[in-house]
Amino acid sequence: MTGVWHVLGAGSLGGLWATRLFRAGVPLHLILRNPQRLAEYHAAGGLELVENGTSRFYPIPAELPEATTPIKRLLVACKAYDAEAAVVEVAPRLAKHSEILLLQNGLGSQQAIAKRWPESHCIFISSTEGAYRQAGFRIVHAGRGQNWLGDLVNTQPPPWLAELNLADIPYSWAEDIMGKLWRKLAINCAINPLSVLNDCRNGELLNHSEKLHELCWELSEVLRACAQTEAADGLEAEVLRIIQATAQNFSSMHQDVQSRRRTEVSFLLGQACRAAHQHGLATPELCELLDRLQVLLRRHGLPDD
Ligand code: NAD
Ligand code: KPL
């Protein structure tokens, strides 16, 4: 084993990673946000993972951010809008040259963390796994997928990747992690806001093929302006393929809005619009989509960023 992992945020994806690492014998600690949540966790007896209809408890040790043991490898499993503030809480414990693994969707939060803690070594992760929380500490593994890991500074894969093998966590080392993150961001920008505005399952978006075409065209332009040419290639075809493959699903943003949870819009469509603006690109379709989405979010009493 290559040292203790700390998992910050015991939600859906954090719980999915933590339980699989723990049962493979990898030493790890969960970091829970406050004493009340820690007490609830102790009362629950651990994290419960439901896979293929079977449920098991994992009594993973848990602590508060202000514990004093040094942190050498930190998996940040909060939403993008919480990630930087969550790292601030444990920053005094970060060992020199610690590793910070960032599981956030979209872009923006990872760069902010990498800039703020330059002595740490940041690894970005793009995940297509699916998990959701059914109750306090009960997590359902809803869909298999892939985790792409990559590092903007060191292109060599780290030795602890072997622990992901042991834990049966699917992964690939991505030499071009920014390409993977941008591609996923663009797909989410094409599908998720439209599904919220039309209040529909992904498949129904096939009735809006002209709008999808215009959005994909502008998104491809944004990707090219950001030097993400590969991520731009064939974007529309992949969006249509994903819509068909997930036709019966509601997008994650649709689910967030339905459950009155804050969305990650600022790190998805907001990020695409900011990048367009920085590069002097006119993206009227994306801007209009963001405006309409923000109006809807405010109408639902949700933050529009
Ligand atoms: P989640 O809301 O289920 O879990 C986040 C957890 O972080 C919550 O338990 C929250 O209490 C905790 N948290 C927030 N601030 C904290 C702090 N300061 N200290 C300690 N804990 C704190 O979110 P999620 O669905 O696991 O998503 C995490 C990230 O992974 C998001 O960016 C999401 O887009 C991405 N993602 C999720 C999935 C999925 O299937 N759930 C799939 C791919 C990507
Ligand atoms: O990732 C997704 C999401 O719902 O967030 C898909 C299904 C690909 C749609 O954008």
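Two strands count as paired when DSSP finds at least two bridges between them. Keep that in mind as you walk through this predicted model.

**Stop 1: the eight-stranded sheet**

Start by colouring strands 5, 2, 1, 6, 7, 8, 11 and 12 in that order: together they form an open sheet with mixed pairing. Now find its two borders. Select residues 62-63 for strand 5 and residues 172-173 for strand 12; these are the edge strands, and each has a pairing partner on one side only.

Stay at the strand 12 end and add residues 147-150, which make up strand 11. Strands 11 and 12 are parallel partners, held by two bridges. To see the register, show Leu149 and Trp173 as sticks: Leu149 sits opposite Trp173 of strand 12.

**Stop 2: the four-stranded sheet**

Next, hide the previous sheet and bring up strands 4, 3, 10 and 9. In that order they build an open sheet, again with mixed pairing. Its edges are strand 4 (54-58) and strand 9 (130-135), each pairing on one side only. Turn the view to look across the strands: on average, neighbours in this sheet are rotated by 25° against each other, ignoring direction.

Zoom in on residues 47-51, which are strand 3. How many bridges join strand 3 to strand 4? There are five, and the two strands run antiparallel. Label Leu47 here, and you will find Tyr58 of strand 4 opposite this leucine.

**Stop 3: an annotated stretch**

Select residues 5-152. An unreviewed UniProt entry lists this range as "domain: Ketopantoate reductase N-terminal". In the model, the range is 28% helix and 39% strand, with 21 Å between its end C-alpha atoms.

**Stop 4: ligand 2 and its shell**

Finally, centre on ligand 2 and show the residues around it: Asn188, Ile191, Asn192, Asn202, Ile242, Ser251 and Ser252. Which helix gives the largest share of this shell? Helix 6 (residues 177-197) does, with three residues. Colour the shell by class and you get two nonpolar residues, five polar ones and no charged ones.

Three distances are worth drawing here:

- Asn188: one of its polar side-chain atoms is 2.9 Å from an oxygen atom of ligand 2.
- Asn192: an N or O atom of its side chain lies 2.6 Å from an oxygen atom of the ligand.
- Ser252: a polar side-chain atom comes to 2.5 Å from a ligand oxygen atom.

To finish, switch on the ligand surface. On its own, ligand 2 exposes 290 Å², and the protein buries 79% of that area.

Methods. Residues numbered from 1 in each chain as written. Chains lettered and ligands numbered in written order. Predicted model: local features only at pLDDT ≥ 70, side-chain atom pairs only at ≥ 80, totals over all residues. Heavy atoms only, no water. Near = heavy atom within 4 Å. Polar contact = N/O pair within 3.5 Å; in protein donor to acceptor, adjacent residues only side chain to side chain. Areas by Shrake-Rupley, 256 points an atom, 1.4 Å probe, with all protein chains shown as cover. Nonpolar A, V, L, I, M, F, W, Y, C, P; charged D, E, K, R; others polar. UniProt positions renumbered as here; feature names shortened; annotations may be inferred. Axes fitted to C-alpha atoms, helices over the stretch in contact; angles between N-to-C directions.
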